[in-house]
Amino acid sequence: MAAPTKVTGCTVRDIRFPTSLQKDGSDAMNVAPDYSCAYVVLSTDTGLEGHGITFTVGKGNEIVCQAVRVLSKLVVGQDLTNIYSDFGTFWRSLTSEDQMRWLGPEKGVMHLAVASLVNGLWDLWAKMEGKPLWKLLVDMEPEKLVSTIDFRYISDALTREEAIEMLKKARPGKEEREKEMQEKGYPSYTTSCGWLGYDDDKIKRLCKEALAEGITRFKAKVGADLEDDKRRCRLLREIIGPDNMLLVDANQRWEVQEAIAWMKELADCKITWIEEPTSPDDVLGHLQIAQALKPLGMGVATGEQCQNRVLFKQFLQSGAMQFCQIDACRLGGVSECVAVILMANKFGVPVCPHGGGVGLCELIQHLSLFDYIAVSASLDNRMTEYLDHLHEHFKNPCIMNRGCYMPPQAPGYSVDMKEASLDDHEWPRGKVWQDLIAQGVYTVD
């Protein structure tokens, strides 16, 4: 197939899964999420397609889909050579249309829409090169890769020149690290055992199954009830043993002082991090929590709902996060994720991407592989979230081996979904939803 030269069309579908029925994804703030995505397909003049997604938890997914349709007018008809020759400038054009920018800027629904389109363009680029996305990033010359980033608002923390030098400095050992990843894979942690809506028997069974698969890092949801959190965390610690890692996630439930007091009550469970203890926008609050918990050996992890690279800059500059949790869809796609990975490396903070949802694990594996091979050259305190949900709907799902992500081999960004899955789960016309609506389990608002 000849290389495409132009984006000729964009389709977006509202895809949802009824995960709330099994309490998958349940936490202190999201009691009954239905994992969903705006699923985007960019068509070209040769028939090659770029697939991109952005993740939501059900209601409101249609709003993101509509935002994608509006923004797609800035993509359809564009020359791909022009986009990829200066991706950073094109990325800015998506976030800076003078009237639509008012709806952000660079945050919320509009930024979720930007992510799906940008992820689709990167997927297309990787397919054009015949490489998985991580390999495209790893092989790219530093100057070319840095040209995909918009440095507006972050140049006081990381300049274009610093980014190029950082990538060049990491070149020694790249081939060895890539070979290591191909043989061993990238370490993960699991959240699949610790959803807040699971009963004790299910937690025990899932933990034992995970241990048998070689998983040594576990995360539990907390924040609804202190006494229940103490009981559940002690149960988890008993099951996984004294040497395996235990992480907890409050999903923004607490006030600052409440978070400090609550976590002190859980300190005897030997917890590595507390994730999203308070508002995701509260840099100073996270800093106060981090300072209070440091003597207890606990760090603060956050980032899955950080709006953009600017907020990450503030977290990193201030020391308010000890673990940087980029989200492949909350940020504005691959380009902005790369910017944050580079900033985190400058400030010595390990990147531990947020996974789960619909396709997030498929996406973030590429980002973590790039980080290790081409940027940080370190696995210290680095791990990528893994949840065993919905992978069967993807043509090239992530592959795990003894608790590690094995590098994807298929060209692209790994989120092409099976047509049957798309047809069955499109809201509200898909067969899965029509059956549930007929049973009265769901209603169309």
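Here are a few notes on the rings and the empty spaces in this structure.

1. Before anything else, keep in mind that this is a predicted model. The numbers below are computed from it, and the residue numbers count from 1 along the chain as its sequence is written.

2. Let's start with the aromatic rings. How many aromatic pairs does the structure hold? There are 13 of them. A good one to pull up is Trp-433 with Tyr-442, which meet edge-to-face. Their centres are 4.8 Å apart, with 85 degrees between the planes. In case you wonder about the two values, a pair of rings is described by the distance of the centres and the angle of the planes.

3. Are the two partners in that pair buried or exposed? Trp-433 is buried, with a relative accessible area of 0%. Tyr-442 comes out at 14% relative accessibility, and it counts as buried because the cut-off is under 20%.

4. Elsewhere, ring pairs tie several residues into a cluster. Its members are Tyr-84, Phe-87, Phe-90, Trp-122 and Trp-125. If you like to colour things as you read, pick out those five rings together.

5. There is also a charge over a ring to look at. Lys-202 has its charged end over the ring of Tyr-198, at 4.0 Å from the ring's centre.

6. Now for the open space. The largest pocket has a volume of about 490 Å³. Its lining is made up of 30 residues, and Phe-55, Thr-56, Val-57, Gln-305 and Arg-330 are the closest to the centre. Four elements each give two or more residues to this lining: strands E3 (50–56) and E5 (217–221), plus helices H1 (61–71) and H4 (108–129).

7. What is the lining of the largest pocket like by class? It's a mix: eleven residues are nonpolar, ten are polar and nine are charged.

8. Closed space is next. Searching the whole structure turns up one cavity of 30 Å³ or more. The largest cavity holds about 70 Å³ of space. Thirteen residues line it, and those closest to its centre are Leu-94, Thr-95, Met-100, Arg-101 and Met-110.

9. Which elements give two or more residues to the lining of the largest cavity? They are helix H3 (87–95) and H4. H4 gives the most, with three residues. You have met H4 already, since this helix also gives two or more residues to the lining of the largest pocket. By class, the cavity lining divides into six nonpolar, four polar and three charged residues.

Conventions
Predicted model: local features only at pLDDT ≥ 70, side-chain atom pairs only at ≥ 80, totals over all residues. Heavy atoms only, no water. Phe/Tyr/Trp six-rings, centres within 6.5 Å; stacked < 30°, edge-to-face > 60°. Buried < 20%, exposed > 50% of the residue type's maximum accessible area, 1.4 Å probe, protein only. Lys NZ or Arg CZ within 6 Å of the ring centre and 35° of its normal. 1 Å grid on protein atoms, 1.4 Å probe; cavity = no way out; pocket = protein on both sides within 12 Å on 5 of 7 lines; lining within 4 Å. Points joined across faces, edges and corners; volume = space filled by probe spheres on them. Nonpolar A, V, L, I, M, F, W, Y, C, P; charged D, E, K, R; others polar.
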